[in-house]
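Me: Please take a close look at one part of this model, the place where two helices cross, and then work outward to the elements around it. I would like one connected account, with each term explained where it comes up.

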Amino acid sequence: MRILLVEDDANLADTLAEVLTGQHCVVDIARDGEEGWEKSQSDDYNLILLDVMLPKLDGINLCRRLRAHSNNIPILMVTALDMSSDKVQGLDAGADDYLVKPIDPPELMARIRALSRRAKVAEPTVLRWGELQLDPGMHEVSYTGQSVHLTPKEYNILELLLHHGRQVLKRITIVEHVWSLNDPPREDTINATIKSLRNKLKGAGAPHNLIETIHGVGYRLSQLS
C-alpha cells in the first residue's frame, strides 16, 4: 500500500512513517497542503493520511480540492481538534474517516485496513508462482508451505514480481513502488535488498535463480517447469 502522509510536524511525520513502513506500506511525506496537492497529482496512492492544520493550504481545503477534481482516494483526516463540529466539517469536505491526536498506532492501522476494505471490491487474491505463495491479506509469504520472513521492502518487491511474472520489472519501477520519494535508494541498496530476498527464499527451498536478473534492465521470475 502506498500512502501519502501530509503532516507539517516533522517528528510526528517521521514516527507515523516508521509505523506505516513497518506494516509493509510505502510512505511519501508532504510538509504542507500545497506540496500534498502536488504529490497527489503526480503519483498513485492507495490512501492519504491528512492533517487538518497545515501551512499554505489546510487539510479541509485540500480535501475539498481533491474531491472537486474527482479524486476518490480514501482520506483519513488527522487532527488535534476533538470537537464534533470539526469532525463534521472534515467529513463534509470529503474525508472518509477521522482520527484525533495523540495517535494510537494499532487504531491507526485498524482504520487504514477498514478504509482499504471499503475501497476494494473483493478480498485480495493470493499470489502464486509454482511453490511460492504470497497472501496480501495476511502479509504472509511461504515456499512449499514453509514461512518466509521478509522485511517490508523485500515483501513489496516480491509482490511486484509476482504481479509481473515473466514480464521484466524495471529497476525504476521497483524504486517508484517500493521506496519513498523522500528517500530514494542508492544503486547498491536495491542490489542488497534483492540479494537478501533471494537468500531468504533459497533458505526455504526455492532455487537461487527464482528471481532472474536481466542485466541493464531489471528482474523477473524464472520460468515455471
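Reply: Helix α6 and helix α7 cross in the right-handed sense, a crossing being right-handed if the near helix is turned clockwise from the far one by less than a right angle, and left-handed if anticlockwise. Helix α6 covers residues 152-164 and helix α7 residues 171-178, and their axes come within 10 Å and cross at roughly 125°. That angle makes α6 oblique to α7, since angles under 35 degrees count as roughly parallel, over 145 as roughly antiparallel, 65 to 115 as roughly perpendicular and the rest as oblique. The axes are lines fitted to C-alpha atoms, for helices over the stretch in contact, and the angles run from 0 to 180 degrees between N-to-C directions. On the α6 side the contact is made by Lys153, Asn156, Ile157 and Leu160, and on the α7 side by Thr173, Ile174, His177 and Val178, where contact means heavy atoms within 4.5 Å. These residues divide into 4 nonpolar, 3 polar and 1 charged; Ala, Val, Leu, Ile, Met, Phe, Trp, Tyr, Cys and Pro count as nonpolar, Asp, Glu, Lys and Arg as charged, and the others, Gly among them, as polar.

The model is a predicted one, in which local features need pLDDT of at least 70 and side-chain atom pairs count only at pLDDT 80 or more, while totals for chains, interfaces and linings use all residues. Residues are numbered from 1 along each chain as its sequence is written, and side-chain values use heavy atoms, with hydrogens and water left out. Helices (H or I, at least four residues) and strands (E, at least two) are DSSP runs, numbered from the N terminus.

Helix α6 also packs against helix α8 (residues 187-203), at an angle of about 80° and with the axes 10 Å apart, and the two are therefore roughly perpendicular to each other. Here α6 contributes Lys153, Glu154, Ile157 and Leu158, and α8 contributes Thr193, Ile194, Ser196, Leu197, Lys200 and Leu201. This contact divides into 5 nonpolar, 2 polar and 3 charged residues. Lys153 and Ile157 of α6 thus take part in the contact with α7 and also in the contact with α8.

The same helix, α6, lies across β6, β7 and β8, running at about 110° to β7. These strands belong to an open sheet of 4 strands in the order β6-β7-β8-β9, with antiparallel pairing, and two strands pair if DSSP finds at least two bridges between them. β6 (127-129) and β9 (146-147) stand at the edges, each with a single partner strand, so one side of each is left without a neighbour in the sheet. Within the sheet, β7 (residues 132-135) and β8 (residues 140-143) pair in the antiparallel sense over 4 bridges, and Leu134 has Val141 in β8 as its bridge partner.

Strand β8 is also the place of Ser142. Ser142 is buried, with a relative accessible area of 15%; buried means under 20% relative accessible area, exposed over 50% and partly exposed in between, with a 1.4 Å probe and protein chains only. Leaving aside its neighbours within four places in sequence, Ser142 is in contact with Glu131, Leu132, Gln133, Ser147 and Val148.
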